[in-house]
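I opened this entry to work through the annotated spans, then the sheet, then the contact between chains.

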Amino acid sequence: MGLLSDPKKRQKILDVISKYNNHLSVLCYIAGVTWFLALAYQPLNARTYFSENALLPGLVENEFYPELDMEALVQEYNEQLQKEKKNVPRKWVADQFTALGLDTYIQNYTILYPLQLTRGQSVPGQNVYGILRARRASSTESIVLSMPLRQKESDMPSTTGSMVLMLALAKYFRQKPYWAKDIIFLATDHEQFGMQAWLNGYHEISSEYISPGDLMGRSGSIQAALNLEIPDSNLKHLDIKIQGLNGQLPNLDLVNLVVRLCQRERVEVSIHKQKDYYDAESVDGYKHSLKTMMKMMWSHASGIPTGNHGLFHRYHIEAVTIEGITKRKGHHISLAKTGRVIEGIFRSLNNLLERFHQSFFFYILPATERYISIGLYMPPFGLICAAGLIKAVALWIAISTRTSDDNSDSESQTSDSKEEKESETKKEKEDAKQTDTDNEDEDVPEEASREGVSTVLPLILFSFLMGVFCFTGPEFVTTMSPSFRIGVEDTVFFGLLALFSACLLLPRTVAKKSQSTDKRLIFDWELLKSLGLIFQSLVLFSIALMNISLAFFLAVFIIPVTVITHPCKNRIFCWMQKILLLLLCPAVQIFIASMISTMEGKYKGSWDLIQKSFENMKHGLVLTILDRYLFGSWMYGVFCFAVLPTWLMFWTIVHCDL
Amino acid sequence: MSSYPLIFCTVSGIIIRLALFRTSLPDWISLQPEVSTPLTSWERAMEGIALKEYMISPYAGDLFHETPLVLRILGFMTSFSDNTILLMFVGLDALCLILMVKIANLYGGYLLKKQAKEVKRYATDCDTLIIKTEDLRIIQFYVIVAFSLNPYSIAACLAKSTAVFNNLSILFIFYFMLKENEYLCYLFIAMSAYLSIYPITVCVPAAIFFMQSSKFRKNKISDTEMSYTDSPALFSYCRTVGLCVVMVAALIGFSAFLEGSWSFISSTYGFILMVPDLTPNMGVFWYFFTEMFEHFRMFFICVFQINVVIYTVPLSVKLKEHPVFLMYILVSLICIFKSYPSYSDVGLMLSLLPLWRYAFEYMRNSFVVACMYICTTVFGPILYHLWIYAGSANANFYFATSLAFSTAQIFLITDLLYAYLRREFDLENGFKHLIREDGTKKQVILD
């Protein structure tokens, strides 16, 4: 077992860690962050390739030249939208589908919003879908082409183009004999809620909040899905949206497929509205791909789907959204050209022999044709986390040598590290003596309660208890809110704020009262810090498995502060630590995150920015909690059970009295 | 130490179990492959009972693998309401806890007696290693904590894992052995073997134990003079093994009588030995055999199954003077290497670990092992989700964690073994051997 059984080698490693742990931590952190960011540089990442040979992308000539008059259809649809301003023209859509000869069905579903958002009333909605039955196979497999229906007054960009394209493609696809998979044309209402309801209905899942009703028509298992968000005119280029719920990404092959077919049709393609830089190996090129990567990771980190495609991932269905970006000036791409791209994608998907399983599911994209796989990004991420782990191990060594020193009355030790440790423990003892002089009458129990697991366990337990309160809090406060006549957003926000203030006061509340002096909080802070750091690394690695972006951002900001946190005598230093920790607390994290997101939009002056981001935060908080109930998002749970307790542990460490 | 912490921990353990039954956690846990294996899953048990009610042999299909006696016990349990069943499972856990406390007490007494007998051959300067009566009370406390607040045991209880019967009978073996109640001990060895085959190896330590105690009773000889290979000893071994085998045979015969056919043999014991169900679990079998070419399968099944029991031989030779410890090590090895291991076994193994607390200070890898346990326990469900539900990770990810988990368990056991033997060595030789002529400390290396 080598390392585990050879005490000499082991002692060497332990000595190195306990002697140089600070240097090692700093080195690991800096190296890790630099390495991670350097991955955006083209020579350090890899070019995408097709792993699934069955896709045969672009092997056939795309022949979609619409017979329908697309312009007329656009006008007709817009007129329909004009007619019923607050509703979407489902009836018209269903009629069109039927006229094309699709098996058309309308799904009626109801959504009951949690948190008393609609005061117990359920909101009805309708999805329209038509199934084109494949000629060459029994309906065992299918592909979905979906689009969100948006009413005229919606804040979101119009999706008229999607509707028109869908109809034109349906007409075209129907004439072709080569389909081996059913194609489902799906138009959903109420954005993601409608999509979730349809997916629940299709897979016969009923949840407390979404009752999908019966789906009258079905096809086989869905292999892949493409969601279209295309406006009617002035199309400049296409943007691919990939991020799904809980940070799940579609198979890289599907993304490649879309990119490849766009290029084939000479349609410009981008991710996060960032096109590829022409000279990627230059400094500007690096900056550009870093920006793309950061944008991709930022939206990935939120764990919120960027489009309706994001909900498919949970059902093991690969899906992406294609969004049309408009611009008044310059050369425009026609809807027909976009249609040819989609035709190509569908013909490739039609070739699939089995589900997407090759290629990558864990990746970061710094450009449309470059990817950073899990094997590339995990080592630097591991280095960043190692900074915390090294410190934890060093503290653990310090604790174990401390106890063994106490047992055998300071035997002569040779290694420098132990001397250092001894001097530290001596210092501690001196400190302890000082405190003893303060309260002489009970020095023995005080001295005893300084060390050991029993002093730390209650603190850990309380930290997790606060997490549980935060998790169940929103539901609890909103049941009380109607009697106070406050909006739901405010109730949730102020309820959580109150809970958070309680968290801030936790160190004071758990402090023991000693007889002579005021409240003192005394515990084995080294042990708590060591455990806290280990728990933190565990949390970060667990998150990294599901959502590397979230884990990366958390690690980059949290680790340096948590590693340096320790209780100290110096007032100024102590306050500085407290401020640093406060800047990193979950509440401020959320605020900063919403501020950065707001900065992307429009705002006037810094005050307006703060106000807007405050509003956004309140709104976002409720939405995150809603996502938890309706879609099964984990974001809120992760923050309650992982991020908050870890932070609280370190918050109590700063408050430890020496 | 007063008895309040003991009571507090016991009660909080029971309350946690009861409270968690009210949440949605049990539904989720009972789907986790680490907790409910094909052998212990509650749902499969229900299937078996339902089949039986329809007068179809539950062993005809490929779902039910409990033994006929357990089938009857479960049938009895399911005649009550759902809530009562939950209470019964908590009650079974409480019974386990009571047994563990009793075992801790008995083992303490056994240790003191053994120490008093052997104290003559101990070195003079090893006073710090001698066990005192106060130390034993704390063992009891740790056993209670390690079982009632053990996440593995709680998870197994929440999933209504039927492995609890197996655990109970193993605990009864320890209990009756330490009580020196020979026949009941054999009965429960036979019962454990009847339930899951592997524990038949436990009759080796039992044989050694009862041989020792009978010899002590007769001629009051000390440990060093005792021969383990003379003819009365051999006779005693044969008697134990023979009795165990007869009892197992009787139990199986009785089951066949109840069932009216022998068909259950292949779907219980055949299922355990041939490992036809390769659903993922925390063990090492499934991954290996999914990758296996069919014509090597038989050979490697033999290799893997022999691996479970082969350690009995060397360990029995080495640990013949410590039969209780030997029994614990064997039970733990079975927990690690058996074909369908689950958290229920891990819970049992970890709960009895504090019995060897006096050797803990010699353990060297506790930090690493603890970290490995925690990490693999957290990563397991995440990677399972990513593999099965999200479809983004694959079997290799999950197997990596289950392999790491097994490795952690093996580290724990080897480390405990090392610590135990190291302590024995120090007891006999004192601490003098550790110091060189020039006064510096020597290091002990295990090669």
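I looked first at residues 531-559 of chain A, whose end C-alpha atoms lie 14 Å apart although the span is 97% helix and 0% strand; helices (H or I, at least four residues) and strands (E, at least two) are DSSP runs, numbered from the N terminus. I note that this is a predicted model, in which local features need pLDDT of at least 70 and side-chain atom pairs count only at pLDDT 80 or more, while totals for chains, interfaces and linings use all residues. Residues are numbered from 1 along each chain as its sequence is written, and chains are lettered from A and ligands numbered from 1 in the order in which they are written.

I then took residues 634-654 of chain A, where the end C-alpha atoms are 30 Å apart and the span is 95% helix and 0% strand. Both spans come from the UniProt record, an unreviewed entry, which lists them under "transmembrane region"; its positions are given in the numbering used here, feature names are shortened, and annotations may be inferred rather than shown by experiment.

For the sheet, I found an open one of 9 strands in chain A, with mixed pairing and the order β6-β2-β3-β5-β4-β7-β10-β8-β9; strands pair if DSSP finds at least two bridges between them. β6 (210-211) and β9 (269-271) of chain A are at the edges with a single partner strand each, so one side of each has no neighbour in the sheet.

Last, I checked the contact, to which chain A gives 16 residues and chain B 17 residues, counting two residues as in contact if their C-beta atoms, placed from the backbone, lie within 7 Å. On the chain A side, α15(A) gives the most, with 5 residues.
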